[in-house]
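Subject: Structure handover

Hi,

Here is the structure I promised to pass on. Have a look at it first, then read my notes underneath.

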Amino acid sequence: MERERVLVVGGGTMGAGIAGVCALAGYPTALFEADPSRRAALSDRITGSWKRAVERGKLPPARAESARGLLAFPDRLAEAGAEGSSIAIAIEAVPEDLDLKRRLFAELDRLWPGAAFLATNTSALSVTEIAAATAAPERVLGLHFFNPVAAMPLVEVVRGRSTSAAAVGRATEFAASLGKQPVVVADAPGFATSRLGVAIGLEAMRMVEEGVASAADIDKAMELGYGHKMGPLKTSDLVGLDVRLAIAETLARGIDGRRFEPPAILRRLVAEGRTGKKSGRGFYRWEGEEALPSEPAGES
């Protein structure tokens with residue numbers, strides 16, 4: 001059966017990962033990145049990750065080759081569809097800026113009024129507020145993927161106050177077709193996963209700040225004692241400490257300023273540019289895929 005055409009907007013870590021899994025699932029996928037210098041590297045980034053997966057025996061070579069032919073990287077957003085209404089599914093993965101997302105959704109709504117749904121990958125911003133920028137908020141919802149997209153099985157399908165049951169159903173089916181396991185949650189600050197994940201992560205950061213234990217030992221305790229695949233501080237490094245800071249500030253405003261107040265250590269690391277894996281330093285030193293202890297956090 002021929003797959004619907006998918007548009008992903010934003011060529012960062014999440015956008016590239018989402019576009020990659022869509023193409024691997026057989027969807028013709030356009031990935032639009034506004035920055036020409038970043039756009040030029042996208043194809044090599046995505047196909048390079050597939051090549052490594054093939055070498056590790058985790059991806060059949062024929063599937064990677066087939067997916068390569070399904071990816072497109074348009075220079076302009078309007079060029080993503082072969083014709084005005086050809087985009088069936090649009091997924092936004094731009095930075096966590098509400099005004100930016102609202103402007104983008106207004107444009108997506110104008111360009112593809114026939115799309116089945118428009119989705120935001122936001123971790124914590126209000127889907128309802130984003131949807132209000134469109135003429136058809138009933139088809140706007142959240143599709144919250146997790147990093148690394150190729151490996152993480154969960155997708156949160158976030159239902160805004162105006163999202164229709166039909167859109168939620170289509171989005172749930174779409175997530176399942178990517179090999180993901182969808183859960184449906186209401187549009188509340190931090191949804192389910194960001195709220196819980198950030199709460200644990202912030203407390204772990206306070207423990208480092210207070211000298212309770214090292215980052216590595218706190219993570220090991222959660223992995224061995226509670227069965228977490230990855231400890232909260234390594235996870236924070238992987239997500240990006242700047243992203244974690246932005247989510248914490250959103251939750252502090254929307255739920256409880258005291259409970260979700262970002263610790264001083266998090267603000268300091270972000271101010272120093274130590275944002276985690278993407279910068280090479282955070283609570284850990286990162287060498288490729290390997291996280292090495294970096295103690296004490298916050299010192300050069």
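A34 counts as exposed, because its relative accessibility is 56% (exposed is over 50% relative accessible area, buried is under 20%, partly exposed is in between, with a 1.4 Å probe and protein chains only). A34 sits in the loop between strand 2 and helix 2 (36-55). Helices here are DSSP runs of H or I with at least four residues, strands are runs of E with at least two, and both are numbered from the N terminus.

Before going on, some housekeeping. This is a predicted model, in which local features need pLDDT of at least 70 and side-chain atom pairs count only at pLDDT 80 or more, while totals for chains, interfaces and linings use all residues. Residues are numbered from 1 along each chain as its sequence is written, and side-chain values use heavy atoms, with hydrogens and water left out.

From A34 to G179 it is 28 Å between C-alpha atoms, with the two positions 145 residues apart along the chain. G179 comes just after helix 6 and has a positive phi of about 85°.

Now helix 6 itself. Its 13 residues (165-177) should span 18 Å at 1.5 Å a residue, and the end C-alpha atoms are indeed 18 Å apart, so the two agree (the expected span is 1.5 Å times one less than the number of residues). A167, V168, A171, F174 and A175 of this helix are buried. These residues cover an arc of only 125° around the axis, so they lie on the same side of helix 6; the arc is taken from the directions from the helix axis to the C-beta atoms. The other side of helix 6 has A165, A166 and E173 exposed.

F174 is worth following further. The structure holds 2 aromatic pairs, where rings of Phe, Tyr and Trp (its six-membered ring) pair if their centres lie within 6.5 Å, and planes under 30 degrees apart count as stacked, over 60 as edge-to-face and the rest as tilted. The rings of Y27 and F174 have centres 5.1 Å apart and planes at 70°, so this pair is edge-to-face. It links distant parts of the chain, with Y27 in the loop between helix 1 (13-24) and strand 2 (29-32) and F174 in helix 6, 147 residues apart. F117 and F174 also make an edge-to-face pair, because their ring centres are 6.0 Å apart and their planes are at 65°. Here the distant parts are strand 5 (residues 117-120), which holds F117, and helix 6, which holds F174, 57 residues apart. Together Y27, F117 and F174 form one aromatic cluster. Y27 and F174 are both buried, and F117 counts as buried because its relative accessibility is 0%.

Two backbone details to check in the loops. The peptide bond from N147 to P148 is cis, with omega near 0°, and P148 is in the loop between strand 6 (140-144) and strand 7 (154-159). F191, a residue other than glycine, has a positive phi near 50°. F191 lies in the loop between strand 8 (181-186) and helix 7 (193-209), and counts as buried because its relative accessibility is 6%. For context, most residues other than glycine have a negative phi, and most peptide bonds are trans.

Cheers
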